[in-house]
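Here are my notes on the model you asked me to look over. Please read them with the structure open.

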Amino acid sequence: MKKVQLAIVGGGPAGLAAAIAAREAGLQDILIIERGEALGGILNQCIHAGFGLHTFGQELTGPEYAQRFIDRVEAMKIPYLLGTMVLDINENKVLTVTGRETGLIQIQAEAIVLAMGCRERPRGALNIPGTRPAGIYSAGTAQRLVNMEGYLPGKNVVILGSGDIGLIMARRMTLEGAKVHAVAEVMPYSGGLKRNIVQCLDDFNIPLLLSTTVVDIQGQGHIESVTLAQVDERRKPIPGTEQVIPCDTLLLSVGLLPENELSLSAGVALDGVTGGPVVGDDLATSVPGVFACGNVLHVHDLVDFVSEEAGRAGRSAAEYVLHRRSAGRTVALRGSSGVRYTVPQHIDADAMADTVTVRFRVGQPYRGAALCAWAGDKLIRRIPKRILTPGEMESFPIRKADIPADCDTITFTVEEAAQ
Amino acid sequence: MTRQLTCIGCPMGCQLTATIENGVVTEVTGNTCKRGDDYARKECVAPMRTITGTVRMADGRVISVRTRTDVPKEKMFDVADAFNRARPKAPLHIGDVVIADVCGTGVDVVATANRE
Ligand SMILES: Cc1cc2nc3c(=O)[nH]c(=O)nc-3n(C[C@H](O)[C@H](O)[C@H](O)COP(=O)(O)OP(=O)(O)OC[C@H]3O[C@@H](n4cnc5c(N)ncnc54)[C@H](O)[C@@H]3O)c2cc1C
Ligand code: SF4
């Protein structure tokens, strides 16, 4: 059987940054396995600007950002396989792989970094009544068609969901000559960035209809119109508010799900809230030697954070192979009162770095609130926040020195502004 | 004259009101920090945008492109049109000029991907 010290599953920004960091940490024998025809992952279809402000201090497009990492992987001569899919990972870290160059083979890895990214929530998960005509696409599929294949799916568009991919596609299709009639969002607020609402919708007078959803789809064979209706606080359509909008295309931008079938087959424990693996501060999963980073771990909105997190996973994987860190005292992290989850889910209070960045999302928007970290009933850090929104991932640094010796759980909460 | 706009500087999204007299912003209110003031002054007088898109190459392949820097917002559709008319030849690399001085803006359109 082919052997490798570190196998990296996925050649997107997470896999690339993990590979670079592992090599910098001294590991030689690394293999990146990517099912697509190019490295770079989803960034290849994200051709708009806005990537890398944190890392490079300039606004790159997705392909430009990816290329900086691809160039380093090439310069370091880190091996990779394209058009090659990992079909299975077993509990002993044996990967079953099929590809153009390899055929069907097995690879024994000493360590694995999971970097498979995420996929879009499909329409089936949404439960929209009406017919199932052609002309309904996920926003990401439309993004690939327009940006990679130069094909415009339609001329009269309605978008359901105000996530950033949907907003970006509203602008993109408008500039390509389509008319975007409306973006409907079932929540009373948008999950997209303010900047995207202004520059992708307001710039083109595209209405954003909040507390509104699609209640019916009409058309035989091909979509002809959709019915929108306002919803009440319980997200139930309000009778009498229906409006029919003729269209030939409906885009669904309704969220992303980490892609974890392989993690499950490897025996990795998943977090019910994130849908990704449960990890420690070193991004180690529940299976020794298996690490996770990027969108497979939890859905990110800034690729800069993906690269940083993946760097940590790559270093940890190299450390695992070269000289294992000895385990110390485990402290669980958990979210409560508005904090939906944390990544990592636990830290090693002895082996951890001096500061570990804990990331999470809140469940609803807050103004004038504060984020708090508690060890039991002792407040160990409080960070005031003018604004918190579910669309923006929060980063909360925890200092090793602040963790009390008798602490076994740190709880993160939102402290709401006094009324 | 006053104009309402949403600041894009951070997720606060402050609702700004700019007072404009003779084409000059004389006052900005509603901002929480200085960035909101700067944004309103620029956005009301000379709004600028980076435009990205795709161009079909002479050999039929698609390549992503951008304006190298911001161009005036009112040129957005003209620039998108120019993307549709260009037919550049391979090879192209990140930063190579695909359209020089697009629509008289003085800004070049450059490739954002590599095509050998
Ligand atoms: C449709 C879509 C659009 C997005 N647009 C934006 C955007 O505009 N701006 C933004 O900041 N973020 C965007 N994101 C978020 C973006 O995914 C992250 O910023 C970043 O790309 C995540 O990096 P990653 O490496 O974790 O995942 P990805 O970039 O998704 O890379 C994962 C890679 O793993 C490969 N892979 C998966 N399974 C296997 C397997 N079994 N075998 C081999 N290879 C495998 C995939 O082919 C892919 O190349 C978007 C996400 C999606 C899904
Ligand atoms: S004015 Fe300041 S605080 Fe308000 S949105 Fe703009 S940058 Fe944010």
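The points below start with the two chains, go on to the ligand, and end with the backbone details.

1. **Status of the model.** This is a predicted model. Please keep that in mind for every point below.

2. **Chain A, overall.** Chain A has 419 residues, and a compact globule of that length would have a radius of gyration near 22 Å. The value for chain A is 22 Å, so the two agree. Along the principal axes, the C-alpha atoms of chain A fill a box of roughly 65 × 60 × 40 Å. By count, chain A holds eight helices and 26 strands.

3. **Chain B, overall.** Chain B does not follow the globule rule in the way chain A does. For 116 residues, a compact globule would come out near 13 Å, but chain B has a radius of gyration of 18 Å. Its C-alpha box is roughly 55 × 30 × 15 Å along the principal axes. The domain assignment divides chain B into domain 1 (2–46) and domain 2 (52–111). The C-alpha centres of these two domains of chain B lie 31 Å apart.

4. **Order of elements in chain B.** Chain B has two helices and nine strands. Read along the sequence, they follow the pattern β-β-β-α-β-β-β-β-α-β-β.

5. **Where does ligand 1 lie with respect to the domains of chain A?** Domain 1 (1–119 + 256–325) and domain 2 (122–254) of chain A both give residues to the shell around ligand 1. Ligand 1 therefore lies between the two domains.

6. **Who surrounds ligand 1?** The shell has 30 residues. The closest are A:Ala14, A:Glu34, A:Ile42, A:His48 and A:Asn295. By type, the shell divides into 16 nonpolar, 11 polar and three charged residues.

7. **Backbone contacts to ligand 1.** Three are worth checking on screen. A backbone N or O atom of A:Ile42, also among the closest residues, lies 3.0 Å from an oxygen atom of ligand 1. At A:Val86, a backbone N or O atom lies 3.0 Å from a nitrogen atom of the ligand. At A:Asp301, a polar backbone atom is 3.0 Å from a ligand oxygen atom. On its own, ligand 1 has 970 Å² of accessible area, and the protein covers 93% of that. Elements of chain A that give two or more residues to the shell are α1 (13–24), β6 (84–89), α4 (139–149) and α8 (303–322). The most comes from β6(A), with three residues.

8. **A parallel sheet in chain A.** Five strands of chain A form an open sheet in the order β10-β17-β11-β12-β13, with parallel pairing. Its edge strands are β10 (136–138) and β13 (208–209) of chain A, each pairing on one side only. Within the sheet, β11 (residues 156–160) and β12 (residues 179–184) of chain A pair in the parallel sense over five bridges. To find the register, start at A:Val157: its bridge partner in β12(A) is A:Val180.

9. **An antiparallel hairpin in chain B.** Strands β2 (residues 15–21) and β3 (residues 24–29) of chain B pair in the antiparallel sense over five bridges. The bridge partner of B:Thr19 in β3(B) is B:Glu27. The two strands form a hairpin with two residues between them. In the turn, B:Asn22 has a positive phi of about 50°.

10. **Which peptide bonds are cis?** Most peptide bonds are trans. One cis bond joins A:Val343 and A:Pro344, with omega about 0°. A:Pro344 sits in the loop between β20 (330–335) and β21 (346–348) of chain A. Another cis bond joins B:Ala90 and B:Pro91, with omega about -5°. B:Pro91 sits in the loop between α2 (76–85) and β8 (97–99) of chain B.

11. **A positive phi in chain A.** Most residues other than glycine have a negative phi. A:Arg235 is not a glycine, yet its phi is positive, about 65°. A:Arg235 is placed in the loop between β15 (225–230) and β16 (243–246) of chain A.

Terms used. Residues numbered from 1 in each chain as written. Chains lettered and ligands numbered in written order. Predicted model: local features only at pLDDT ≥ 70, side-chain atom pairs only at ≥ 80, totals over all residues. Heavy atoms only, no water. Near = heavy atom within 4 Å. Polar contact = N/O pair within 3.5 Å; in protein donor to acceptor, adjacent residues only side chain to side chain. Areas by Shrake-Rupley, 256 points an atom, 1.4 Å probe, with all protein chains shown as cover. Helix = DSSP H or I, 4+ residues; strand = E, 2+ residues; numbered from the N terminus. Nonpolar A, V, L, I, M, F, W, Y, C, P; charged D, E, K, R; others polar. Domains from an automatic or database assignment. Pairing = 2+ DSSP bridges. Rg over C-alpha atoms; globule rule 2.2 N^0.38 Å.
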